Amino acid sequence: MRRIGIVTSGGDAPGMNAAIRAIARLAAWSGMEVIGFERGWSGVIRNEYVLLEPRAVSGILHLGGTILKTSRCPEFKTREGVEKAARSIAEDDLDALIVIGGDGSIRGAHELSKLTDAAIIALPASIDNDVYGTDETIGFDTAVNTALTEINKIRDTAVSLERTFIVEVMGRNRGFLASEIGLTAGAEVILVPEIPYNEEVILERLRRDAAKGKRSSIIVIAEGVGKTRELAEAIERKVGVEVRISILGYVQRGGSPTARSRHLASVFAEKAIELLLDGERSRVVGIQGGRITSVSLAEACSNQKPLNLEILKLAEKLAI
Ligand code: ADP
Ligand code: F6P
């Protein structure tokens with residue numbers, strides 16, 4: 001294990017730089033040379049990289065985003081694209097590639113692992129927290145706390161003007177962000193893609209809350225539900241309260257990583273180097289029940305991470 005590569009891929013997540021820093025420095029302790037591919041899978045395909053010596057990753061621990069840049073790369077979804085990436089790895093004489101990214105990047109890593117002799121190890125990094133095999137991804141905690149800071153501000157005006165706010169959060173297909181943000185923000189209603197949208201159930205809960213004297217409400221909805229505007233109109237028309245929409249958007253993707261996100265980045269990197277030194281070849285690092293573990297790329301890509309519905313039930317009880 002002499003020479004390894006790193007790539008950050010897909011949606012950027014706070015903590016990716018902490019992971020790059022930890023990998024580069026821990027690899028140096030084991031005598032490995034480290035290169036960093038630029039702009040995600042497209043950088044691997046084009047074989048564009050920089051040398052990552054221990055000093056090259058100083059001053060980045062606290063920075064959001066990724067110094068290597070990232071991308072969404074349609075070409076890598078083709079066999080030819082993956083073959084080109086495998087050729088780059090061979091040309092660079094890499095013994096391993098560490099992939100830092102979300103669910104999609106890990107699926108790409110799995111395809112690449114079938115076409116290269118190099119070891120492929122993935123670190124789950126995404127604000128969506130939708131990676132199978134880990135309770136939590138790098139960046140999720142930061143995105144949740146960023147959203148909470150914004151919702152605290154929204155609550156001030158909701159209470160002052162006695163309005164209902166629909167806060168749309170990220171989560172293209174899954175509701176992990178919405179459910180955690182909803183619980184910890186004390187939302188009255190949390191809507192996620194995993195649960196079929198039922199307008200009448202929502203309206204009935206809001207009518208009941210109004211009857212109990214609630215004068216303002218916060219509804220957290222994952223963007224993947226796709227009903228934000230429709231719901232706002234229905235509430236105004238059928239419940240008779242003022243509604244405003246606040247789409248948090250890309251602030252959830254940036255910002256300085258929290259201690260938790262930095263912690264996960266560091267211990268996941270440590271596990272990745274350990275797996276490489278143990279001769280492991282295609283694994284995804286994760287945390288399960290507080291333990292740093294790993295699952296195979298194949299297992300991670302053939303399963304969907306279940307949403308914890310108990311969180312939603314608890315949030316509903318707490319919002320009486
Ligand atoms: P994230 O990793 O944050 O989930 P994406 O879903 O955009 O972000 O995936 C990042 C990149 O990984 C995609 O742009 C594509 O290049 C690659 N990718 C995603 N899914 C696959 C797949 N099933 N097979 C091969 N490559 C994939
Ligand atoms: O994958 C993370 C994510 O932030 C999703 O929650 C969101 O829907 C998507 O990326 C946005 O994609 P893009 O950055 O390409 O607009």
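How do the residues of the shell around ligand 2 divide into nonpolar, polar and charged? In this predicted model, three are nonpolar, one is polar and five are charged. The residues in question are Arg72, Ile127, Asp128, Met170, Gly171, Arg172, Glu223, Tyr250 and Arg253. Two parts of the protein share in this shell, with at least three residues coming from domain 1 (3–139 + 257–302) and at least three from domain 2 (143–253).

Polar contacts to ligand 2 come from side chains and from the backbone. A polar side-chain atom of Arg72 is placed 2.7 Å from an oxygen atom of the ligand, and an N or O atom in the side chain of Arg253 lies 2.8 Å from an oxygen atom of ligand 2. Gly171 contributes through a backbone N or O atom, 3.1 Å from a ligand 2 oxygen. On its own, ligand 2 exposes 400 Å², and the protein buries 80% of this area. The space that ligand 2 takes is the largest pocket.

Ligand 1 also sits in the largest pocket. Around ligand 1 there are 16 residues, of which Gly11, Arg72, Cys73, Gly104 and Ser105 come nearest. Helix α4 (residues 103–113) supplies the largest share of this shell, with six residues. By type, the shell around ligand 1 holds three nonpolar, seven polar and six charged residues.

Side-chain N or O atoms approach oxygen atoms of ligand 1 at 2.6 Å for Ser105, at 2.7 Å for Arg72 and at 3.4 Å for Trp41. Taken alone, ligand 1 has 550 Å² of accessible area, and the protein covers 82% of it. Arg72 thus appears in the surroundings of ligand 1 and of ligand 2.

Note on methods. Residues numbered from 1 in each chain as written. Chains lettered and ligands numbered in written order. Predicted model: local features only at pLDDT ≥ 70, side-chain atom pairs only at ≥ 80, totals over all residues. Heavy atoms only, no water. Near = heavy atom within 4 Å. Polar contact = N/O pair within 3.5 Å; in protein donor to acceptor, adjacent residues only side chain to side chain. Areas by Shrake-Rupley, 256 points an atom, 1.4 Å probe, with all protein chains shown as cover. 1 Å grid on protein atoms, 1.4 Å probe; cavity = no way out; pocket = protein on both sides within 12 Å on 5 of 7 lines; lining within 4 Å. Sits in = over half its atoms within 2 Å of the grid points. Nonpolar A, V, L, I, M, F, W, Y, C, P; charged D, E, K, R; others polar. Domains from an automatic or database assignment. Helix = DSSP H or I, 4+ residues; strand = E, 2+ residues; numbered from the N terminus.
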